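Please read the points below with the model open beside them. They go through burial, ring pairs, cores, the sheet and two backbone angles.

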Amino acid sequence: PLNILSNKMKKFFTETDLYDVKEFKIFENLSPVVSTEECFKNLLVSEDHETLSNKNTFYVNKDNVLRTHMTTHDVSFLRQENNAFISIGDVYRRDTVDITHYPVFHQLDGV
């Protein structure tokens, strides 16, 4: 089901003429390990925000985490002068597994 949905979304963004953009670039298979700067600081997350705590985020070491959202990649793509893109991948958050929660889920981010 995830592959079917992902393919439908990619097709929509690459075959639809949205806002005079002929084609959105698609970024997939990105490393899930990102710097804390990419994940938080570049997106103006305050240093005291609860998302930075060990109880909410998987830290690889003091400077790197498993991404908590796909938006973490947006700043670098914009710096590369991409102006129409989507990124697709798994994101990770510390969560107790139950009927409505799981620590890994899939996200599509569009700019």
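1. A residue is called buried when its relative accessible area is under 20%, and exposed when that area is over 50%; values in between make it partly exposed. The model discussed here is predicted. Phe27 has a relative accessibility of 17%, so Phe27 is buried. Val104, at 29%, falls between the two limits and is therefore partly exposed.

2. The aromatic pairs come next. A pair of aromatic rings is described by the distance of the centres and the angle of the planes. The model has 5 aromatic pairs. One of them joins Phe13 and Phe24 in an edge-to-face arrangement, with 5.0 Å from centre to centre and 65° between the planes. Phe13 belongs to helix H1 (residues 2-15), while Phe24 sits in the loop between H1 and strand S1 (25-27); the two are 11 residues apart. Both rings belong to buried residues: the relative accessible area is 17% for Phe13 and 8% for Phe24.

3. Phe27 and Phe77 make a stacked pair, with centres 3.8 Å apart and planes at 10°. Because Phe27 is part of strand S1 and Phe77 part of helix H3 (residues 74-79), this pair ties together parts that lie 50 residues apart in sequence. Phe77 is buried too, at 6% relative accessible area. Elsewhere, ring pairs join Phe12, Phe13 and Phe24 into a cluster.

4. Which residues make up the largest nonpolar core? It has 6 residues, namely Phe27, Leu30, Met70, Phe77, Phe85 and Val91. Phe77 is in contact with Phe27, Leu30, Asn82, Phe85 and Ser87, leaving aside its neighbours within four places in sequence. A second core, separate from this one, has 5 residues, among them Phe13, Phe24, Ala84 and Ile86.

5. The sheet can be followed strand by strand. It is open and consists of 3 strands in the order S1-S5-S6, with mixed pairing. S1 and S6 are the edge strands, each pairing on one side only. On average, neighbouring strands are turned by 15° against each other, with direction ignored. S5 (residues 85-92) pairs with S6 in the antiparallel sense over 7 bridges, and Asp90 stands opposite His106 of S6. Helix H1 packs on this sheet, where it touches S1, S5 and S6; the direction of H1 makes about 155° with that of S5.

6. Val104 deserves a separate entry. This residue lies in strand S6 (residues 104-110). Not counting residues up to four places away in sequence, Val104 touches Asp90, Val91 and Tyr92. Val104 and Met70 are 34 residues apart in sequence, and their C-alpha atoms are 12 Å apart in space.

7. Two backbone angles should be checked. Most residues other than glycine have a negative phi. Asn29, which is not a glycine, has a positive phi of about 55°. Asn29 is in the loop between S1 and strand S2 (33-35) and is exposed, with a relative accessible area of 79%. Leu44 is likewise not a glycine and has a positive phi of about 65°. Leu44 is found in the loop between helix H2 (36-39) and strand S3 (59-61). Is Leu44 buried or exposed? Its relative accessibility is 77%, so Leu44 counts as exposed.

Methods
Residues are numbered from 1 along each chain as its sequence is written. This is a predicted model: local features need pLDDT of at least 70, side-chain atom pairs count only at pLDDT 80 or more; totals for chains, interfaces and linings use all residues. Side-chain values use heavy atoms; hydrogens and water are left out. Rings of Phe, Tyr and Trp (its six-membered ring) pair if their centres lie within 6.5 Å; planes under 30 degrees apart count as stacked, over 60 as edge-to-face and the rest as tilted. Helices (H or I, at least four residues) and strands (E, at least two) are DSSP runs, numbered from the N terminus. Buried means under 20% relative accessible area, exposed over 50%, partly exposed in between (1.4 Å probe, protein chains only). A nonpolar core is a set of buried Ala, Val, Leu, Ile, Met, Phe, Trp, Tyr and Cys residues joined through side-chain atoms within 4.5 Å. Contact means heavy atoms within 4.5 Å. Two strands pair if DSSP finds at least two bridges between them. Axes are lines fitted to C-alpha atoms, for helices over the stretch in contact, and angles run from 0 to 180 degrees between N-to-C directions.
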